[in-house]
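The questions below work through the sheet and the pockets of one model, and each answer is reasoned from the coordinates shown here.

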Amino acid sequence: MSVTPLVVDLKRGSLDDGTGIRSVLFFKGCPLRCVWCHNPEAISPKAQLQRNPEACVGCRTCEQVCPRGVARSGAHPEERSDCLLCGLCARRCPAGARRLVGQALPVDEVVAQLLEDEPFYRRSGGGVTLSGGEPTQYPVFSGQIAAAMRGHGVHVLLETCGHFAWRAFAEHLLPHLDTVYFDLKLADPDAHRTYCGRDNALIHENLQRLVEDARVELLPRVPLIPGITDSQENLKALGELIRRVGLERVSLMPYNPLWLSKRRGLGMELPYEHAEWMSAETVAACEDAMRGLGLTAG
Ligand code: SF4
Ligand code: SF4
C-alpha cells in the first residue's frame, strides 16, 4: 500500500547533509523514539502546532483568530487537545512564532521544487538528501522522488535510522539511491530499547544487508549523546560492529542542545535534558576510540 507522508520541510542550500550543496526533504514520522531526538517535529507522522515563544511580540493576534479559543501568546499554556490544527494562528502570526508542521505534498510538486536547484547540485557535487523522520517508512513515495532525481542525473542520499522493512525498501527505494548515511546509536539491545524505544536487531540486520548488497556508498554515523552513546564502552562496541561488517569509516555527530527548545515548542515532555554543547576534547576522545579500532573517524 502506498502511503502519502507529511513533509516537515524542504530545506534548500544545505551544506550539512552530504557533499556539496543539497536540498533536504524532511519526512514526518519515525519508528524510533530516541530521547535526544534532534528533529522532534519529525517524530510523529501527524501534523503538529509548533510554538516559538522567544519570537512572540505579544500582539495576541493568534488569540483573536483562533476558532477554538486555544491559542495563547508567548509561553502561556494552551489546551492542545482542543486544537483543530487549522493553522490559522500560524498564518496570521506576524512574528513567525507559530508554525503548523506537516504538509502533504504530491510527488510531482516535490520533484519540481527539488529540480529548481539542479544547477547548484551539479556545480557543487551536491544533490538531494532524504531525511526525517524516516523516509524508509514511505518507500514508494520516497522511491518515486529518488527515481525522478536520478533520472535527471541528481545524486540521491538517504539518511536513515536503519529500522525499516527490508523487502519494501529494497524494491522501491534502494535501486534509486547513491549513498546511505546509516545511524547507529547503542550497541547494547537493552540500552537501545530504553533510549530509542526499540531494540537494535533489525537495524544491525539491515546494515549487514546493505553491506552485502554493495550497491550504494554506505557511511555509518554515531550521534554523540552525553551520558548515553558517548561512553568508551559503547563506541568500542559500535566500532567493532562496523569493522565486523567490513566497513572502514564512521562519522561521529557531536551533540548540540538546540533540539530542547523545539521539543518544548511542540508541547512534548523532555525525557532527557542536557543543555551544554559538547566540548572539542570530548569529541576528540570519541574519535580516538574509533581510530583505535582502525576506523577512519570524523
Ligand atoms: S500572533 Fe504570534 S506574535 Fe502575536 S501573540 Fe500570537 S504568537 Fe505572539
Ligand atoms: S491551529 Fe487553529 S485551532 Fe489550533 S491554536 Fe491555531 S488557530 Fe487555534
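Q: How many bridges join strand 8 to strand 9, and which residue of strand 9 stands opposite T179?
A: In this predicted model, strand 8 (179-183) and strand 9 (217-224) run parallel and are joined by 5 bridges. Within strand 9, the residue that stands opposite T179 is E217.

Q: Which strands stand at the edges of the open sheet, and why is one side of each left without a neighbour?
A: The open sheet is formed by 9 strands with mixed pairing, in the order 5-1-2-6-7-8-9-10-11. Each edge strand has a single partner strand, so one side of it has no neighbour in the sheet. The two edge strands are strand 5 (103-104) and strand 11 (296-297).

Q: At about what angle does helix 11 run to strand 10?
A: Helix 11, residues 280-291, lies across strand 9, strand 10 and strand 11. Helix 3, residues 107-115, lies across strand 1, strand 2 (22-27) and strand 6 (127-131), and runs at about 10 degrees to strand 1. For helix 11 and strand 10, the angle is about 165 degrees.

Q: Which residues that line the largest pocket are the closest to its centre?
A: The largest pocket holds about 1,100 Å³ of space, and 42 residues line it. At least two residues of this lining come from each of strand 1 (6-14), strand 7 (155-160), strand 8, strand 9, strand 10 (249-254) and helix 10 (259-265). The closest to the centre are H38, N39, G132, R221 and M253.

Q: How many residues of the lining of the largest pocket are nonpolar?
A: The lining residues can be divided by class, with 13 charged and 8 polar among them. The nonpolar residues of this lining number 21.

Q: Which element gives the largest share of the lining of the second largest pocket?
A: The second largest pocket has a volume of about 320 Å³, and of the 17 residues that line it, the closest to its centre are R51, N52, P53, S261 and G265. Two or more residues of the lining come from each of strand 3 (48-51), strand 4 (98-101) and helix 10. The largest share, 4 residues, is from helix 10.

Q: Why does the second largest pocket lie between domain 1 and domain 2?
A: The lining of this pocket consists of 3 nonpolar, 6 polar and 8 charged residues. Because residues of this lining are given by both domains, the pocket lies between domain 1 (6-45 + 102-297) and domain 2 (48-101).

Technical notes
Residues numbered from 1 in each chain as written. Chains lettered and ligands numbered in written order. Predicted model: local features only at pLDDT ≥ 70, side-chain atom pairs only at ≥ 80, totals over all residues. Heavy atoms only, no water. 1 Å grid on protein atoms, 1.4 Å probe; cavity = no way out; pocket = protein on both sides within 12 Å on 5 of 7 lines; lining within 4 Å. Points joined across faces, edges and corners; volume = space filled by probe spheres on them. Nonpolar A, V, L, I, M, F, W, Y, C, P; charged D, E, K, R; others polar. Domains from an automatic or database assignment. Pairing = 2+ DSSP bridges. Contact = heavy atoms within 4.5 Å. Axes fitted to C-alpha atoms, helices over the stretch in contact; angles between N-to-C directions.
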